[in-house]
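Thank you all for coming. Before I begin, please take a moment to look over the sequence and the model that I am about to put on the screen.

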Amino acid sequence: MYATISLILNVLILTSAYKSYENYKVYKVIPESDTQLQILTDLKKSGFDLWTDVPMIEKDVRIMVSPSQENDFVDYMKSVGLDIAVAITNVQSLINDQLKPSTTQRSSLGSLTWTEYHTLDKIHAWLDELETMYPNIVSTVTIGNGTEGRAIKGVIIDYKSGQRENPLIGMIEGGIHAREWISPATVTGIIKEFLTSDNTDVRFVAETFVWHIFPVVNPDGYAYTFTNNRMWRKNRNTLYSTTCGTDDDLSNGIDLNRNFDYVWNTVGASSNPCDQTFAGPSAGSEPETQAIMNYVQKIKGTGNMIYYIAFHSYSQMVLIPYSHVGGADVLQVENYGDLYEIAQRGLDKLTEKYGTQYVAGTSLDILYAVTGSSFDWAKGVAKIPIVYLFELRDVGDYGFLLPPESNYSQQ
């Protein structure tokens with residue numbers, strides 16, 4: 001009965017102002033020269049949505065193409081000698097599948113299950129519920145609001161509340177890019193494991209640290225993906241709205257993961273409001289960004305902050321700071337060797353258990369160069385010793401539209 005009602009509500013949402021991606025396709029292509037790379041990069045100016053933020057030579061680039069663009073796109077790619085292949089035949093079909101609850105039986109905690117993707121209101125209500133269920137362990141916290149006023153809400157998990165001096169602290173962030181639904185799903189799953197798992201290693205991690213966990217740090221953008229545009233990425237700051245050609249709404253937001261005050265807007269970011277990677281008018285300009293930076297500095301003063309971990313999708317990677325350095329320059333991070341070894345050991349265990357293949361390294365070395373990200377700021381400015389960004393599943397078959405069957409525990 002619950003699944004039926006949920007599906008009906010989702011259909012009602014989709015039949016209002018929700019943008020349709022019916023017969024939109026995602027093509028994949030691998031540029032082999034600077035000229036080909038520039039051709040693909042320039043597609044943004046014609047209104048194409050590059051799912052690959054920063055195309056690079058000899059790396060897979062994914063491009064979403066509307067039905068009205070397709071013939072011209074295919075002809076143009078042939079004319080410039082680029083080989084393309086269809087990766088996703090109908091984006092809307094995958095969106096529809098995402099809104100259907102999985103039939104696979106999974107455990108739940110309180111009112112939340114991991115058989116479907118949940119709205120912001122549902123996630124926030126569940127966080128409040130946890131405070132009631134675990135009154136001596138869980139407390140909710142709101143660290144700020146989005147540009148439209150929605151709360152940036154999380155929980156503090158502390159098994160020894162008020163009983164320890166200078167506690168070890170960790171912080172987990174999800175949902176900074178709105179369309180990456182698997183991120184909040186994974187972060188809520190981590191909360192569940194910290195509260196219910198009987199695995200000795202999980203129990204040690206959960207109980208040794210005071211955890212500050214925020215499933216959705218871009219609340220307005222995330223809500224927008226449920227009500228208006230499933231593929232929305234940025235926040236909903238409309239102050240820099242401008243004409244974008246095919247879709248002026250593209251300018252109504254800033255990429256929060258390019259807005260942090262560390263090597264801001266240097267590479268892998270844009271000054272054009274119409275771009276998905278628009279870094280904003282200045283470093284740390286956005287209320288969501290300010291909330292995270294201020295909160296991290298605040299909790300650092302309450303103990304020994306060891307971890308900052310951010311969850312994104314997709315690519316199956318563990319990124320290590322800094323995202324704009326590679327090769328021998330990775331040693332600018334004084335404990336890079338330790339960070340790499342810790343990541344690799346964890347990935348080996350992940351592969352052993354699930355068969356899932358991840359790679360580790362800086363973004364420049366294994367993905368693309370980026371500046372202004374939250375986890376780079378956490379390392380470079382806040383000086384937190386152990387910092388990672390997880391790019392979750394998959395490697396492009398579903399992209400941002402991973403079905404509910406892909407349980408967070410199998411990431």
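Let me start with a question: which residues are linked with Arg-233 in a network of salt bridges? This is a predicted model, so please keep that in mind throughout. The network joins Arg-233 to Asp-53, Asp-255 and Arg-258.

Let me stay with the charged residues for a while. Side chains of opposite charge can pair when their charged atoms come close. In the model as a whole there are 19 salt bridges, and one of these is the bridge between Arg-233 and Asp-255, whose closest N and O atoms are 2.7 Å apart. Both partners sit in the loop between α8 and α9, 22 residues from each other, and the pair links distant parts of the chain. As for their surroundings, Arg-233 is buried, and Asp-255 is buried as well.

A second bridge belongs to that loop, and here Asp-249 meets Arg-236, with 3.1 Å between the closest N and O atoms. Since Asp-249 and Arg-236 both lie in the loop between α8 and α9, the pair ties together parts of it that are 13 residues apart in sequence. Asp-249 and Arg-236 are both buried. Arg-236 also has an aromatic neighbour, for its charged end sits over the ring of Trp-232, 4.6 Å from the ring centre.

Elsewhere, Asp-158 forms a salt bridge with Arg-164, and the closest N and O atoms there are 2.7 Å apart. Are these two partners buried or partly exposed? Asp-158 has a relative accessible area of 11%, so it counts as buried, while Arg-164, at 22%, counts as partly exposed. The cut-off that separates the two cases is 20% relative accessible area.

I would now like to turn to the aromatic residues. The model holds 21 aromatic pairs, and one of them, between Tyr-240 and Phe-278, is edge-to-face, with 6.2 Å from centre to centre and 70° between the planes. Tyr-240 and Phe-278 are again residues of the loop between α8 (219-227) and α9 (287-300), so this pair ties together parts that are 38 residues apart in sequence. With a relative accessibility of 30%, Tyr-240 is partly exposed, whereas Phe-278, at 4%, is buried.

Another edge-to-face pair is made by Tyr-314 and Phe-400, where the centres are 5.0 Å apart and the planes stand at 75°. Because Tyr-314 lies in the loop between β11 (304-313) and β12 (317-319), and Phe-400 in the segment after β14 (386-392), the pair ties together parts that are 86 residues apart in sequence. Tyr-314 and Phe-400 are both buried. The segment after β14 also holds Leu-402, and this residue, with a relative accessibility of 3%, counts as buried. If you would like a sense of distance across the model, Leu-402 and Ser-139 are 263 residues apart in sequence, and their C-alpha atoms are 31 Å apart in space.

Aromatic rings also come together in a cluster, in which ring pairs link Tyr-117, Trp-181, Tyr-222 and Phe-226. That brings me to the empty spaces, since Tyr-117, Trp-181 and Tyr-222 are among the residues that line the second largest cavity. The model holds two cavities of 30 Å³ or more, and the second largest contains about 50 Å³ of space. Which helix gives the largest share of its lining? It is α6 (residues 182-196), with three residues. By class, the lining has eight nonpolar residues, two polar and one charged. Trp-114 is also part of this lining, and the charged end of Lys-192 sits over the ring of Trp-114, 5.9 Å from its centre.

Finally, let me describe a pocket, namely the second largest, which holds about 640 Å³ of space. It is lined by 33 residues, and the closest to its centre are Lys-44, Gly-47, Phe-48, Asp-49 and Leu-250. The elements that give two or more residues to this lining are β2 (49-50), β3 (61-65) and α3 (67-79). Sorted by class, the lining of this pocket has 14 nonpolar, twelve polar and seven charged residues.

To return to where I began, the network that links Asp-53, Arg-233, Asp-255 and Arg-258 is one of salt bridges, and in it Arg-233 and Asp-255 are both buried. Thank you, and I am glad to go back to any part of this.

Key:
Residues numbered from 1 in each chain as written. Predicted model: local features only at pLDDT ≥ 70, side-chain atom pairs only at ≥ 80, totals over all residues. Heavy atoms only, no water. Phe/Tyr/Trp six-rings, centres within 6.5 Å; stacked < 30°, edge-to-face > 60°. Helix = DSSP H or I, 4+ residues; strand = E, 2+ residues; numbered from the N terminus. Buried < 20%, exposed > 50% of the residue type's maximum accessible area, 1.4 Å probe, protein only. Lys NZ or Arg CZ within 6 Å of the ring centre and 35° of its normal. 1 Å grid on protein atoms, 1.4 Å probe; cavity = no way out; pocket = protein on both sides within 12 Å on 5 of 7 lines; lining within 4 Å. Points joined across faces, edges and corners; volume = space filled by probe spheres on them. Nonpolar A, V, L, I, M, F, W, Y, C, P; charged D, E, K, R; others polar. Salt bridge = Lys/Arg side-chain N within 4 Å of Asp/Glu carboxyl O.
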